[in-house]
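Me: I have a structure open and want to understand the labels people put on its parts. Can we go through them one at a time, with reasons?

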Amino acid sequence: MDLEPYGWTPVLAEAFAKYAPPGCLPARIVVQKGDLEAVSPAGLLHCHAAGRLKFAAEGASDLPVVGDWVAIEARPAEQTGLIVGILPRCSSFVRKVPGARTVAQIIAANIDTAFLVSGLDHEFNPARIERYLVLARESGARQVVVLNKADLCPDLESALAMAAAAAPGVPLLVTSVPRHEGIGEFRAFLRTGITGALLGSSGVGKSSLINELLGEERMKTRGVRESDSGGRHTTTHRELVLIPSGGMLIDTPGLRELQLWGEGSGLQESFEDVEEIALRCRFTNCLHDTEPGCAIREAVEGGHLGLDRLENYRKLQREMSHLRSKYDAREKIVNKQKVKKLTSGQKRGYKRRDRF
Ligand SMILES: Nc1nc2c(ncn2[C@@H]2O[C@H](COP(=O)(O)OP(=O)(O)OP(=O)(O)O)[C@@H](O)[C@H]2O)c(=O)[nH]1
Ligand SMILES: [Mg+2]
Ligand SMILES: [Zn+2]
């Protein structure tokens, strides 16, 4: 099996030669269901992570995910492989795991372009686009906002204006699966070796768009009769597929919770327009409330900045600073444990030496 259509490059080959143990094959994870499947020169193999890889992992982010390039010990006769290493990732789309734990979950790795899909139906929500954009910026992938279900939009012009305000500087793609609209434009963002990932809430049409680009109904989509049952998750696994006209797309399940993760630069970049306005406030520590000379308030009153966007920015900022403080507290504990481990090891070492 040729890995080039899957994005194998001389740069990756070099990294592989440097990192992989001898006798291993390179492979890319294309299905993540619990079980993993990977494409390799020996064909499509059922894979799982070697015990030593799991043992060395400090968290779930150190285990293979869809899109990863890995080194495997292949058993072609059984069509299986043992994953013994993961090549350094170029990019990864990460969220905080749902719930209270301050732990990252990688949704997909090595993506060049994150297609952030929204439905232009009654569920259209620019604040959600803003949230996805923050994470996509942190990921290192370029972003494209896909506005699907254009056929269900009563006022395309104002929806487009809202999306453009939520995603300044980001290309917007308007699509409709039943009308086959915007599909050629979608293809134009892909070419051989490029990996895209479709991310967005359940039911926005991610799998339907992939089927449209494939030209066949390969991915399971929500049935027509069920199309009003909001919150039903049709796709339950992550899968990377080759698009015949060039490129790859990763289908992901709609995420119920999309909590922020990262350093905060994604937030700053996504809201550069707001931050730029804030630079013109009279006071550098302006809270944009009742302070005199507040440029933010002026912009909102003058209609240059949407109140919704400002409020969502504040909300995301609060979430990010909460995440950072929880993360820092956790880091302290982890570091303490590491020091403890080290010193107890030393103590054991001294004891042993005493015996000689
Ligand atoms: N009217 C209209 N319906 C669409 C369009 N795209 C998808 N749908 C319908 O929307 C429903 C959900 O589509 P899916 O492709 O299953 O959505 P998904 O984003 O993959 O959802 P999950 O797998 O649950 O995350 C299905 O009934 C599709 O037929 C569109 O452009 N217009
Ligand atoms: Mg789906
Ligand atoms: Zn201000």
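Me: Why is valine 97 called partly exposed?

Reply: This is a predicted model, so the label rests on computed positions. Valine 97 has 15 C-beta neighbours inside 10 Å. Buried needs 20 or more, and exposed needs 12 or fewer. The count of 15 falls in between, so valine 97 is partly exposed.

Me: Where does valine 97 lie?

Reply: Valine 97 is in the loop between strand S6 (92-96) and strand S7 (104-109). Setting aside residues up to four places away in sequence, it touches Val103 and Gln105.

Me: What separates the C-alpha atoms of valine 97 and glutamine 259 along the chain, and what separates them in space?

Reply: Along the chain, they are 162 residues apart. In space, their C-alpha atoms are separated by 7.4 Å.

Me: What makes glutamine 259 partly exposed?

Reply: The reasoning is a count again. Glutamine 259 has 17 other C-beta atoms within 10 Å. Buried starts at 20 and exposed ends at 12, so 17 gives partly exposed. Glutamine 259 lies in the loop between S13 and helix H7 (265-270).

Me: Which residues is glutamine 259 in contact with, leaving aside neighbours within four places in sequence?

Reply: They are Arg95 and Lys96. Contact here means C-beta atoms within 7 Å. The C-alpha atoms of glutamine 259 and arginine 95 are 5.8 Å apart, with their positions 164 residues apart in sequence.

Me: What makes helix H6 mostly covered?

Reply: Seven of its nine residues are buried. They are Lys206, Ser207, Ser208, Leu209, Ile210, Glu212 and Leu213. Each must have 20 or more other C-beta atoms within 10 Å to earn that label.

Me: Which elements do the buried residues of H6 pack against?

Reply: They pack against strand S8 (113-119), strand S9 (142-148) and helix H5 (183-188), as well as S11, S12 and S13. Just after H6, glycine 215 takes a positive phi of about 80°.

Me: What does H6 give to the shell around ligand 1?

Reply: Helix H6 (residues 206-214) gives the largest share, three residues. The shell has 23 residues in total, and the closest are Gly205, Ser207, Ser208, Thr235 and Gly254. By class, six are nonpolar, 13 are polar and four are charged.

Me: How do you know that both faces of strand S13 are covered?

Reply: Check each side of S13 (residues 248-251). Met248 and Ile250 are on one side, and both are buried. Leu249 and Asp251 are on the other, and they are buried too. Buried residues on each side make both faces covered.

Me: Why is S13 said to pair with S11 and with S12?

Reply: Pairing needs at least two bridges between the strands. Strand S11 (residues 195-199) shares four bridges with S13, in the parallel sense. Strand S12 (residues 238-242) also has four bridges with S13, in the antiparallel sense. Four meets the cut-off, so each counts as a pair with S13.

Me: Which residues stand opposite each other in these pairs?

Reply: Threonine 195 stands opposite methionine 248 in S13. Leucine 240 stands opposite isoleucine 250 in S13. In the hairpin of S12 and S13, five residues lie between the strands, and glycine 246 takes a positive phi near 120°.

Me: What makes a set of residues a nonpolar core?

Reply: The members are buried nonpolar residues joined through C-beta atoms within 7 Å. The largest such core here has 72 residues. Ala38, Ile72, Phe93 and Leu116 touch the most other members. Helix H3 (residues 126-139) gives the most to this core, with six residues.

Me: Which domains does the chain have, and how do domain 1 and domain 2 touch?

Reply: The domain assignment gives domain 1 (4-86), domain 2 (92-218 + 234-251) and domain 3 (265-323). Between domain 1 and domain 2, 15 residues of the former are in contact with 18 of the latter. On the domain 1 side, strand S1 (residues 25-32) gives the largest share, three residues. That side divides into eight nonpolar, five polar and two charged residues.

Note on methods
Residues numbered from 1 in each chain as written. Chains lettered and ligands numbered in written order. Predicted model: local features only at pLDDT ≥ 70, side-chain atom pairs only at ≥ 80, totals over all residues. Near = placed C-beta within 6 Å. Helix = DSSP H or I, 4+ residues; strand = E, 2+ residues; numbered from the N terminus. Nonpolar A, V, L, I, M, F, W, Y, C, P; charged D, E, K, R; others polar. Domains from an automatic or database assignment. Contact = placed C-beta atoms within 7 Å.
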